[in-house]
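Colleague: I am a first-year student, and I would like a close look at one part of this model. Please take me through the salt bridges and what lies around them, and explain each term as you go.

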Amino acid sequence: MVNAMTKDEAIQRLNEVFGATARKHKIFIITKKVSASGMSREMEIYVFDKKANDMRWITPVVASACGYKMTRDGDRMRVDGCGMNMHFAVAYDLSQTLGKKIEYQSL
């Protein structure tokens, strides 16, 4: 399980990940599980690291920054709600939290 961090620490970490120069940033969101009622989803979030030419798992950092909860095993973020595109909701929350334009792609 990943160590918990404060909202400010998470925002600082995400600003390091996204960098200060680029205007647009893209995250990749994977829905791993939808509850039987359809009222919650478990997601993983990644960002592409151009320097390492690899995907970076940023799920717990995004959860801390935006106020979402992690699942019990700590590998997915739980998003509650229905009636809208929850991937958009996560990207929008992240965009508002960081003050950066965040685009997303659903995988």
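Modeller: Let us start with how open a residue is: it is called buried under 20% relative accessible area, exposed over 50%, and partly exposed in between, with a 1.4 Å probe and protein chains only. Keep in mind that this is a predicted model, where local features need pLDDT of at least 70, side-chain atom pairs count only at pLDDT 80 or more, and totals for chains, interfaces and linings use all residues. Residues are numbered from 1 along each chain as its sequence is written, and side-chain values use heavy atoms, leaving out hydrogens and water.

Now to the charged pairs. A salt bridge here is a side-chain nitrogen of Lys or Arg within 4 Å of a carboxyl oxygen of Asp or Glu. Counted by this rule, there are four salt bridges. In one of them, the side chains of E42 and R76 come together, with 3.1 Å from N to O. This pair joins distant parts of the chain, 34 residues apart: E42 sits in strand β2, while R76 is in the loop between β4 (69–70) and β5 (77–80). Strands, by the way, are DSSP runs of E with at least two residues, and helices are runs of H or I with at least four residues, both numbered from the N terminus.

Are these two charged residues buried or exposed? E42 and R76 are both buried. R76 also forms a salt bridge with D75, where the closest N and O atoms are 3.5 Å apart. D75 counts as partly exposed because its relative accessible area is 30%. Taken together, E42, D73, D75 and R76 belong to a network of salt bridges.

Another salt bridge joins R78 and D80, with the closest N and O atoms 2.9 Å apart. R78 has a relative accessible area of 40%, so it is partly exposed. Both residues lie on the uncovered face of β5, whereas M77 and V79 make up its covered face.

Next, the neighbours of β5. Two strands are said to pair if DSSP finds at least two bridges between them. β5 pairs with β2 in the antiparallel sense over four bridges, and V79 in β5 is the bridge partner of R41. β5 also pairs with β4, again antiparallel, over two bridges. Here M77 in β5 is the bridge partner of M70. β4 and β5 make a hairpin with six residues between them, and G74 in the turn has a positive phi of about 80 degrees.

From the strands we can move on to helix α3, since β2 and β5 are among the elements that cover its buried residues, along with α1, β1, α2 and β6. The buried residues of α3 are M86, H87, A89, V90, A91, L94, S95 and L98. A helix's expected span is 1.5 Å times one less than its number of residues. For the 13 residues of α3 this gives 18 Å, and the end C-alpha atoms are indeed 18 Å apart, so the two agree.

At the N-terminal end of α3, N85 acts as a cap, with a side-chain oxygen 3.0 Å from the backbone nitrogen of H87. After the helix comes G99, whose phi is positive, near 70 degrees.

H87 deserves a look too. This residue is buried because its relative accessible area is 10%. Contact means heavy atoms within 4.5 Å. Leaving aside residues up to four places away in sequence, H87 touches I29, T31, M43, Y104 and S106. H87 and Y104 are 17 residues apart in sequence, yet their C-alpha atoms are 7.5 Å apart in space. With T31, the side chain of H87 makes a polar contact of 2.5 Å. A polar contact is a pair of N or O atoms within 3.5 Å; within protein, one must be able to donate a hydrogen and the other to accept it, and residues adjacent in sequence count only if both atoms are side-chain atoms.

When you turn the model yourself, a good place to begin is the pair E42 and R76, linking strand β2 to the loop between β4 and β5.
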